[in-house]
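Here are my notes on the model you sent round. Have a look at the sequence and fold before reading on.

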Amino acid sequence: MTLILTQNKKEDLMKFIVNSTALLRELQKLNGVISSNNTLPILDNFLFDINSNNMTIIASDLETTMMSTISVEADVDGKITIPARILIDTLKTFSNQPLTFIVNTETFGIEMSSEMGNYKLAGQNANEFPKTPKLNGSSTTTIKGDILANAINKTLFASGNDELRPVMSGMFCELSSEQITFVATDAHKLVKHTRTDISSDKTASFILPKKPLTILKNNISDDADIKLEFNDTNALFTFNNITIICRLIDGKYPNYEAVIPKENPNKLTIETASLLSSIKRVSIYANKTTHQIRLKIAGSELQITSEDLDFANKAEERLSCQYEGTDMEIGFNSKFVIDMLNNIGAEQISLEMSAPNRAGIILPLDGLEEGENTLMLVMPVMLNN
């Protein structure tokens with residue numbers, strides 16, 4: 001796609017021509033960064049920065065900055081910020097066609113011309129847009145797109161939303177020369193996802209926030225090589241024509257290894273799909289506050305029950321399973337178990353337990369790549385007999 005840019009110094013005009021479809025595609029990628037309640041009004045805009053033969057488009061909410069680059073044909077350089085919402089809404093209505101932008105660099109007025117007509121809108125001075133963070137003293141590692149997307153999918157759902165405990169609201173990354181470990185927890189559930197086929201020259205750990213990870217997951221292609229650069233305060237992801245920079249969550253991550261029970265003699269093996277659909281049905285009849293379900297395991301039979309005494313609702317299902325261990329009754333929050341089974345990516349799972357008041361461990365028995373390990377932990381709830 002070609003972008004032609006000229007500048008009329010006499011009238012302080014900057015002109016560029018861009019393909020509407022190509023521009024919309026890039027803006028839609030970046031739009032997820034723009035917050036609905038920005039503290040600075042200029043953050044409701046995209047920054048367009050034209051330099052040599054490239055146009056870099058930047059969106060930011062101060063915590064996360066994302067940029068994407070389009071090739072241009074330009075005689076001069078220049079930059080302007082353009083309101084995001086009105087620009088995207090307009091571009092969505094166009095068929096594939098060239099658009100001409102004429103910017104008055106003194107008043108920051110913008111005129112956009114299409115095959116159908118002209119549209120005027122007010123931009124802002126690009127110099128007021130927050131500067132993109134630079135990473136000094138950073139370390140670098142490379143991760144394949146499918147591996148990172150898989151790690152985000154399997155862990156991020158387990159992170160918390162408690163503003164008082166910000167360290168639990170992101171994904172903890174632990175890098176070493178042997179492996180990379182991704183962890184997320186909200187103190188009720190925990191996921192630990194390990195890759196022994198990726199390593200880092202430097203041992204390091206940091207907490208990545210939820211928002212940039214969600215944006216990352218939505219934009220990476222499976223075959224992309226993602227360069228991850230990090231220092232004590234920021235992380236930077238580069239792939240294809242996109243860069244995402246985010247501020248790391250400050251604080252010490254809880255000692256997650258300490259809460260994973262090591263001895264779990266009671267092992268239940270079952271098909272994921274049948275267990276998931278059974279819990280989904282039974283949980284409809286559970287108390288709407290606790291979402292409690294009861295698992296009763298005896299021999300090769302699993303009984304799943306729930307009840308809501310306030311409404312006289314009750315449900316019970318029986319499933320056949322493989323079980324090694326003593327007969328057991330344990331309660332779980334059905335929402336947490338459903339989340340885990342939805343994200344585990346295995347046709348068969350093992351549920352390992354030690355006692356009714358200790359955490360249950362869910363492990364995938366298939367669907368793992370070589371070098372990949374996933375462990376999901378769910379805390380029990382007290383059964384009211």
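**Cavities and the open sheet**

1. The lining of the second largest cavity is nonpolar throughout by class: 12 nonpolar residues, no polar and no charged ones. Here Ala, Val, Leu, Ile, Met, Phe, Trp, Tyr, Cys and Pro count as nonpolar, Asp, Glu, Lys and Arg as charged, and the others, Gly among them, as polar.

2. Before you go further: this is a predicted model, where local features need pLDDT of at least 70 and side-chain atom pairs count only at pLDDT 80 or more, while totals for chains, interfaces and linings use all residues. Residues are numbered from 1 along each chain as its sequence is written, and side-chain values use heavy atoms, with hydrogens and water left out.

3. Back to that second largest cavity: its volume is about 50 Å³. A cavity is a set of points on a 1 Å grid over the protein atoms alone where a 1.4 Å probe fits but cannot get out, and lining residues have an atom within 4 Å of a point. Grid points are joined across faces, edges and corners, and the volume is the space filled by probe spheres set on the points.

4. Who lines it? Among the residues are Met171, Cys173, Leu175, Ile180, Phe182, Phe206 and Leu208. β12 (170–175) gives the most, with 3 residues, and β13 (180–185) and β15 (204–209) each supply at least two. Strands (E, at least two residues) and helices (H or I, at least four) are DSSP runs, numbered from the N terminus.

5. The count comes to 2 cavities of 30 Å³ or more. The largest holds about 60 Å³ of space, and its lining has 9 nonpolar, no polar and no charged residues. That lining includes Leu275, Ile279, Phe332, Ile349 and Leu351.

6. Now the sheet: 8 strands form an open one in the order β7-β3-β4-β5-β18-β17-β16-β11, with antiparallel pairing. Two strands pair if DSSP finds at least two bridges between them. The edge strands are β7 (78–83) and β11 (139–144). Twist averages 20° from one strand to the next; axes are lines fitted to C-alpha atoms, for helices over the stretch in contact, and angles run from 0 to 180 degrees between N-to-C directions.

7. Within that sheet, β5 (64–71) and β18 (242–247) share 5 antiparallel bridges, and Thr65 has Ile245 in β18 as its bridge partner. Helix α3 (145–155) packs on the sheet, touching β11, β16 and β17, with its direction at about 90° to that of β11. Contact means heavy atoms within 4.5 Å. Helix α4 (210–219) touches β5, β17 and β18, and its direction makes about 165° with that of β18.

Note on methods:
On a 1 Å grid over the protein atoms alone, a cavity is a set of points where a 1.4 Å probe fits but cannot get out, and a pocket is an open set with protein on both sides within 12 Å along at least five of seven lines; lining residues have an atom within 4 Å of a point.
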